[in-house]
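Subject: Structure handover

Hello,

Here is the structure for you to take over. Please open it first, then read the notes below.

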Amino acid sequence: MKDEEAALFANDVFYAAFIAKDYDAMQRLWAKKGAICVHPGWLPLYGHEDVLESWQAILGEPGAPEVTCRAAKVSIFGESAVVTCIEDLNGAYLCATNVFVKEAGDWKIVHHHAGPVNLRPEDLPDEPDVAVN
């Protein structure tokens, strides 16, 4: 599998864990050597432990919104991959950046940042996931 495809697959796994509220899968996806996460409206979280505690709280919340990843695009920079996408949370849209690094040969997420974007449903990109290099 090419790096672009593998990074997009890792991004898909991230959103699958989010949708399934699967903390164990989410935990396995994050890099061990560091982590940064900026949830919408939150201050940045630094460090593996704090980031995973936030995901445990979010995924354990029964009222957490459903999320769909749309129009993912990936750029590879050596051993790093940057994926941007639109998150659809029940009609509220966020623009997200997910940064992956290779760890023991697998793409692991090291940074997630999502924030609101002014987007109407008819303006949503309806395109396949692509590599942009």
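Two strands pair if DSSP finds at least two bridges between them. Strand 4 and strand 5 (residues 92-103) pass that test with 10 bridges, in the antiparallel sense. Please keep in mind that this is a predicted model.

**Strands 3, 4 and 5**

Strand 3 (residues 68-77) also pairs with strand 4. These two run antiparallel as well, joined by eight bridges. To get your register, use two positions. Lys73 stands opposite Thr84 in strand 4. Cys85 stands opposite Ala96 in strand 5.

Both connections are hairpins with two residues between the strands. In the hairpin of strand 3 and strand 4, Gly78 takes a positive phi near 65°. In the hairpin of strand 4 and strand 5, Asn90 has a positive phi near 55°.

How far is strand 4 enclosed by the rest of the structure? Largely, because seven of its 10 residues (the strand spans 80-89) are buried. The cut-off for buried is under 20% relative accessible area.

**Two alanines to look at**

Most residues other than glycine have a negative phi. Ala71 has a positive phi, near 55°. Ala71 lies in strand 3. Its relative accessibility is 11%, so Ala71 counts as buried.

Ala104 also has a positive phi, about 55°, and is not a glycine. Ala104 sits in the loop between strand 5 and strand 6. Is Ala104 buried or exposed? Exposed, with a relative accessible area of 83%.

**Nonpolar core**

The largest nonpolar core holds 33 residues. Phe14, Met26, Trp30, Trp55 and Trp107 touch the most other members. Seven elements are worth colouring here: helix 1 (3-20), helix 2 (23-29), helix 3, strand 3, strand 4, strand 5 and strand 6 each supply at least two residues of this core. Which of them gives the largest share? Helix 1 does, with eight residues.

Met26 is a good place to start. Leaving aside residues up to four places away in sequence, Met26 touches Phe14, Ala17, Phe18, Leu52, Trp55 and Leu59. Phe14 and Trp55 appear again here, as they do among the core members with the most contacts.

**Pocket**

The largest pocket has a volume of about 180 Å³. Its lining has 14 residues, and the closest to the pocket centre are Phe18, His39, Pro40, Ile58 and Leu89. Helix 3 (48-59), strand 4 and strand 6 (106-116) each give at least two residues to the lining. By type, the lining divides into 10 nonpolar, two polar and two charged residues.

**Cavity**

How many cavities of 30 Å³ or more are there? The count comes to one. The largest cavity holds about 50 Å³ of space. Helix 1 and helix 3 are the elements that give two or more residues to its lining. The lining residues are Phe18, Ile19, Lys21, Ile58, Leu59, Ala64, Pro65, Glu66 and Val67. Seven of these are nonpolar, none is polar and two are charged.

Phe18 and Ile58 deserve a second look. Both line this cavity, and both are among the residues closest to the centre of the largest pocket. Phe18 is also one of the contacts of Met26.

Best wishes

Technical notes. Residues are numbered from 1 along each chain as its sequence is written. This is a predicted model: local features need pLDDT of at least 70, side-chain atom pairs count only at pLDDT 80 or more; totals for chains, interfaces and linings use all residues. Side-chain values use heavy atoms; hydrogens and water are left out. Buried means under 20% relative accessible area, exposed over 50%, partly exposed in between (1.4 Å probe, protein chains only). Helices (H or I, at least four residues) and strands (E, at least two) are DSSP runs, numbered from the N terminus. On a 1 Å grid over the protein atoms alone, a cavity is a set of points where a 1.4 Å probe fits but cannot get out, and a pocket is an open set with protein on both sides within 12 Å along at least five of seven lines; lining residues have an atom within 4 Å of a point. Grid points are joined across faces, edges and corners, and a volume is the space filled by probe spheres set on the points. Ala, Val, Leu, Ile, Met, Phe, Trp, Tyr, Cys and Pro count as nonpolar, Asp, Glu, Lys and Arg as charged, and the others, Gly among them, as polar. A nonpolar core is a set of buried Ala, Val, Leu, Ile, Met, Phe, Trp, Tyr and Cys residues joined through side-chain atoms within 4.5 Å. Contact means heavy atoms within 4.5 Å.
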